[in-house]
Structures are given as C-alpha cells and as structure tokens.
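Student: Could you pick one part of this model and take me through it closely, then work outwards from there? I'd like to know what touches what, and which side chains are tucked away.

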Amino acid sequence: MLIVALTISDRASRGEYEDQSGAMIETWLAETITSDYVLNRVVIPDGTDSVRETLTDLCDNVKADLILTTGGTGPAPRDETPEAMQAMMEKELPGFGELMRRISLEQAPTAILSRQTAGVRGKSLIVNLPGRPASIRLCLNAVFPAVPYCLDLIGAGRIETNPARIKAHRPPG
C-alpha cells in the first residue's frame, strides 16, 4: 500500500514555511491505519499544470494507491486543485467533498468556500483535503470510513484501520 501526502502550496514549495499540513496527514495516518503502508510526502507549487502533472504521474507511474492532497481548494486565484483534478481523473466522487464541506461548516462558516472533491484514476483514489491541519483531521475523520472499501472496489491496495479511531465500512459478504 503506497500512500502519498501531496501538499500544494507556493510558499511551502519555496521553503518559506514548514509543511504542517503534510505532517498532520502523516500523524493522522499513523494513528489510524493498522496495516502496512508506505507514505511519501511531496510538496509542489499551486497551479493547474503542476498539480495535474504530479497527480497523473503519481497515479500512472508511481502507482500510488491513495493520494491525499492538501491545499489549493479555496477561491484564491492560485487555488486550482479542483481544476487539475477535473483534467486528470477518470471518475469523480463528489460525495467526499459534500461531506467535508458539511462537517467543516459545523466549525467555520467559511467552509462554504471550499471546493474539495475526490476521484479515481486507474487504481488510485485521490482525496482533496483542506490546507489547515485542524481541518484536515476533521475531514479525514469524516470521510475515511469509506476509503478502505473504495480502495477495494478500484483494485488498489488494502488497508485496515484501528476501529477505536475509525471503523472502516465494508459491506458484509
């Protein structure tokens, strides 16, 4: 199981600040996943081309099973992660974004500005997370129960979760 935490940020890619979002994803995964996995952390600049090219490479060549992006989902001019996703994914899974916005709205009225989504390319699942570490934790807690089964359905690697943290939903059978 190969998981990639992809931080999308002009400033972090230039080294102007520490990538706290990728670190939060790493911490959350370590607390939650009980099966073996490898995590790669990657930081790239904002922009449709950089995000599309990186995601395509991670899916097609690196063969990542799960890609968790952080950043680039707001309305600012350089926030182009959803546009890059639209250009490269084969199937959109809009329920992920809908749930993340709903749960985030309980914390902050500005969550309505988020344009998160998720999608599949080949045997890779890509989930766009917000950029703030606290929001990442909140959103992962909300959507991750569906992630292991989605990975099963697309033929990606299998992951198991700590049921005390996240109870993965897999239909009986």
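Tutor: Happy to. One term first: two residues are in contact when they have heavy atoms within 4.5 Å of each other. Please also keep in mind that this is a predicted model.

Let's start at Leu99, which sits in helix 5. Leaving aside neighbours within four places in sequence, Leu99 is in contact with Ala142 and Val143. Is Leu99 buried, exposed or partly exposed? Its relative accessible area is 23%, and buried means under 20% while exposed means over 50%, so Leu99 counts as partly exposed. There is also a distance you can check on screen: the C-alpha atoms of Leu99 and Gln116 are 17 residues apart along the chain and separated by 9.7 Å.

Now look at the helix that carries Leu99. Helix 5 runs over residues 94-105. Its 12 residues should span 16 Å at 1.5 Å a residue, and the end C-alpha atoms are 17 Å apart, which agrees. The buried residues of helix 5 are Phe96, Gly97, Met100, Ile103 and Ser104. Viewed down the helix axis, these buried residues fall within an arc of 140°, so they line one face of helix 5. What covers them includes strand 5, strand 6, helix 6 and helix 7 (147-154).

Strand 6 deserves a closer look, and Val127 is a residue in that strand. With a relative accessibility of 1%, Val127 counts as buried. Beyond four places in sequence, the contacts of Val127 include Phe96 and Met100, both among the buried residues of helix 5. Val127 is also in contact with Leu66, Ile67, Leu68, Thr69, Thr117 and Ala118. From C-alpha to C-alpha, Val127 and Gln116 are 7.9 Å apart in space, with their positions 11 residues apart in sequence.

After helix 5 comes a loop leading to strand 5, and Ser114 lies in that loop. Ser114 has 17% relative accessibility, so it counts as buried. Not counting residues up to four places away in sequence, Ser114 touches Thr73 and Arg101. The following loop, between strand 5 and strand 6, holds Gly122. At 41% relative accessibility, Gly122 counts as partly exposed. Its contacts, again leaving aside neighbours within four places, are with Glu90 and Ile154.

Let's move on to helix 6, one of the elements covering the buried residues of helix 5. Helix 6 (residues 133-143) also meets helix 2 (residues 20-32): their axes come within 9 Å and cross at roughly 35°. The crossing is right-handed. On the helix 2 side, the residues that meet helix 6 are Gln20, Ser21, Met24, Ile25, Thr27, Trp28 and Glu31. Their counterparts in helix 6 are Pro133, Ile136, Arg137, Leu140 and Asn141. By class, this contact has 6 nonpolar, 4 polar and 2 charged residues.

Which residues of helix 2 are buried? They are Ser21, Gly22, Met24, Ile25, Trp28, Leu29 and Thr32. These residues cover an arc of only 155° around the axis, which puts them on the same side of helix 2. The face turned away from that buried side carries the exposed residues Gln20 and Ala30. What covers the buried residues of helix 2 includes strand 1, strand 2, strand 3 and strand 6, as well as helix 6.

Helix 3 (residues 48-60) makes a good last stop. Its 13 residues reach 18 Å from first C-alpha to last, close to the 18 Å expected at 1.5 Å a residue. Ser50, Val51, Thr54, Leu55, Leu58 and Cys59 are buried in helix 3. They fall within an arc of 150° seen down the axis, so they line one face of the helix. The elements that cover them include strand 5 (118-121) and strand 6 (124-129), together with strand 1, strand 2, strand 3 and helix 4.

One backbone detail follows in the loop between helix 3 and strand 3, where Lys63 is placed. Lys63 has a positive phi of about 65° although it is not a glycine. Most residues other than glycine have a negative phi. With a relative accessible area of 55%, Lys63 is exposed.

Terms used
Residues are numbered from 1 along each chain as its sequence is written. This is a predicted model: local features need pLDDT of at least 70, side-chain atom pairs count only at pLDDT 80 or more; totals for chains, interfaces and linings use all residues. Side-chain values use heavy atoms; hydrogens and water are left out. Axes are lines fitted to C-alpha atoms, for helices over the stretch in contact, and angles run from 0 to 180 degrees between N-to-C directions. Helices (H or I, at least four residues) and strands (E, at least two) are DSSP runs, numbered from the N terminus. A crossing is left-handed if the near helix is turned anticlockwise from the far one by less than a right angle, and right-handed if clockwise. Ala, Val, Leu, Ile, Met, Phe, Trp, Tyr, Cys and Pro count as nonpolar, Asp, Glu, Lys and Arg as charged, and the others, Gly among them, as polar. The expected span of a helix is 1.5 Å times one less than its number of residues. Buried means under 20% relative accessible area, exposed over 50%, partly exposed in between (1.4 Å probe, protein chains only). The arc is that of the directions from the helix axis to the C-beta atoms.
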